[in-house]
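Me: I'm new to this one, so could you walk me through a few spots?

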Amino acid sequence: MFAAVAGLIIGTGFLQSWNSALLILNMGLISAVMALGVNLQWGLAGLFNVGVMGFVALGGLAVVLISMPPVGAAWQAGGGNILLGLVLGAATIVAAVLVWSRVSGKLRGWATAAVLLIGMVIYRMVLDPAVEAVEAVDPALAGYLGGLGLPVLLAWPVGGVLAAGAAYVIGKTALGLRSDYLAIATLGIAEIIIAILKNEDWMARGVKNVIGLPRPVPYEVDLQNDPAFVERAAGFGLDATTASTIYVKIEYGLLFAAVLIVLLVLSQLALNSPWGRMMRAIRDNETAARAMGKDVTGRHLQVFVLGSAICGVAGAMMTTLDGQLTPGSYQPLRYTFLIWVMVIVGGSGNNLGAVLGGFLIWFLWVQVEPMGQLLMTGITAGMADGSWLKDHLMDSVQHMRLLTMGLILLLVLRLNPRGLLPER
């Protein structure tokens, strides 16, 4: 099956272009990492997380916070007060929790509400003027604090840490709920994360997007201006422009493949360890696992944090490949539903199945629309131009992706509900 998927990608290189094939390969590698994270949660522990999009977005945010240079004027205008405001907000929450836990009787609710109200007022008094001052600094090009100016590769593990931290907070609250409530909670929190990214311009420019992110590989224009590279490209019969784009995509692919291999090896070791057997036992029968003295909620929290961290790493990788952070592009269809299709089609509970599903479903997601265009062009070849039926069929091409994903999911669930590579 892996050879068949490799053949599809190589065939794309011969029939379309090697740039297209390598782009599919790179996004397939990133999608496989995301599928590994979801498979760890669902396939190993049975946790229904439909907030994958939020953790992927946090990984993308990490790239901005780590790799972009700081905006000095913005920091002078209000950076310190923004940090102070965030500290005050966190302190308010901690104080409210302490009051709730230590005060009893009728005063508990009133005391907690008073702490929250006073803390919120002070928080907004400090934060709001600072945010306005920062966002007023060259808003067309900056209007945000920037990052730390560190190498972009450091953002990948930091993206995992950000996603893991958010998952820990979510898990401490939601993992005591039933699976359907957990799904609702994670979906809602993912939307909250995206809303914050879109509206807090001081953090990552909101919907104005952060472009020109640093890269771990050379720029194509630099390669095209390198006489040695141009000479080597000519030796392969390629012009400098084509060769530079292919070279950059190959370097990205090697980096992504290294991350995928490391995570896959670690996931396999975890799956076959006593911890992995315990997680599968909890997944299959929580009541029996509790009777044996296992901390079911604690183990669920562990695997929820680990799976979310992997999704955060994948989100940082994807933003690095794109070279920009666009909060408006994070949609549940692409970053939650499609990842779940990859896991289900590949085979939940099988790490290799999740990787296979990542490559296969992404290939189909990219190629189905041009295939549908060719199909509809052939079907309508004999129809008169301007006929309602021909126009209707040609307009339906843009919906081929959704139709195909739904059809594949239905066929797999009907014919092989355990996926292409079932759990052993």
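Here are some short questions and answers about this predicted model.

Me: Is Ser 31 buried or exposed?
Reply: Ser 31 sits in helix H2, which covers residues 18-45. Its relative accessibility is 0%. Buried means under 20%, so Ser 31 counts as buried.

Me: Which residue offers a backbone oxygen 2.8 Å from a polar atom of the Ser 31 side chain?
Reply: Setting aside neighbours within four places in sequence, Ser 31 is in contact with Arg 334, Met 342, Gly 358 and Trp 362. The backbone oxygen at 2.8 Å from its side chain's polar atom belongs to Met 27.

Me: Which residues touch the most other members of the largest nonpolar core?
Reply: That core has 117 residues. Ile 30, leaving out neighbours within four places in sequence, is in contact with Phe 256, Ala 314, Met 317, Met 318 and Leu 321. The residues touching the most other core members are Ile 30 and Tyr 330.

Me: How does Val 265 count: buried, partly exposed or exposed?
Reply: Val 265 is in helix H11, residues 240-271. It joins Ile 261, Val 262, Leu 266 and Leu 269 in a nonpolar surface patch with about 480 Å² of accessible area together. Its own relative accessibility is 45%. Partly exposed lies between under 20% and over 50%, so Val 265 counts as partly exposed.

Me: What is the phi of Arg 205?
Reply: Arg 205 lies in the loop between helix H8 (201-204) and strand S1 (210-211), and counts as buried at 8% relative accessibility. Asn 209 is in the loop between H8 and S1, with a positive phi near 70°. Arg 205 isn't a glycine, yet its phi is positive, at about 65°.

Definitions and conventions
Residues numbered from 1 in each chain as written. Predicted model: local features only at pLDDT ≥ 70, side-chain atom pairs only at ≥ 80, totals over all residues. Heavy atoms only, no water. Patch = residues over 30% accessible without salt bridge, like charges linked within 9 Å, V, L, I, M, F, W, Y side chains within 5 Å. Areas by Shrake-Rupley, 256 points an atom, 1.4 Å probe, with all protein chains shown as cover. Salt bridge = Lys/Arg side-chain N within 4 Å of Asp/Glu carboxyl O. Helix = DSSP H or I, 4+ residues; strand = E, 2+ residues; numbered from the N terminus. Buried < 20%, exposed > 50% of the residue type's maximum accessible area, 1.4 Å probe, protein only. Polar contact = N/O pair within 3.5 Å; in protein donor to acceptor, adjacent residues only side chain to side chain. Contact = heavy atoms within 4.5 Å. Core = buried A, V, L, I, M, F, W, Y, C linked by side-chain atoms within 4.5 Å.
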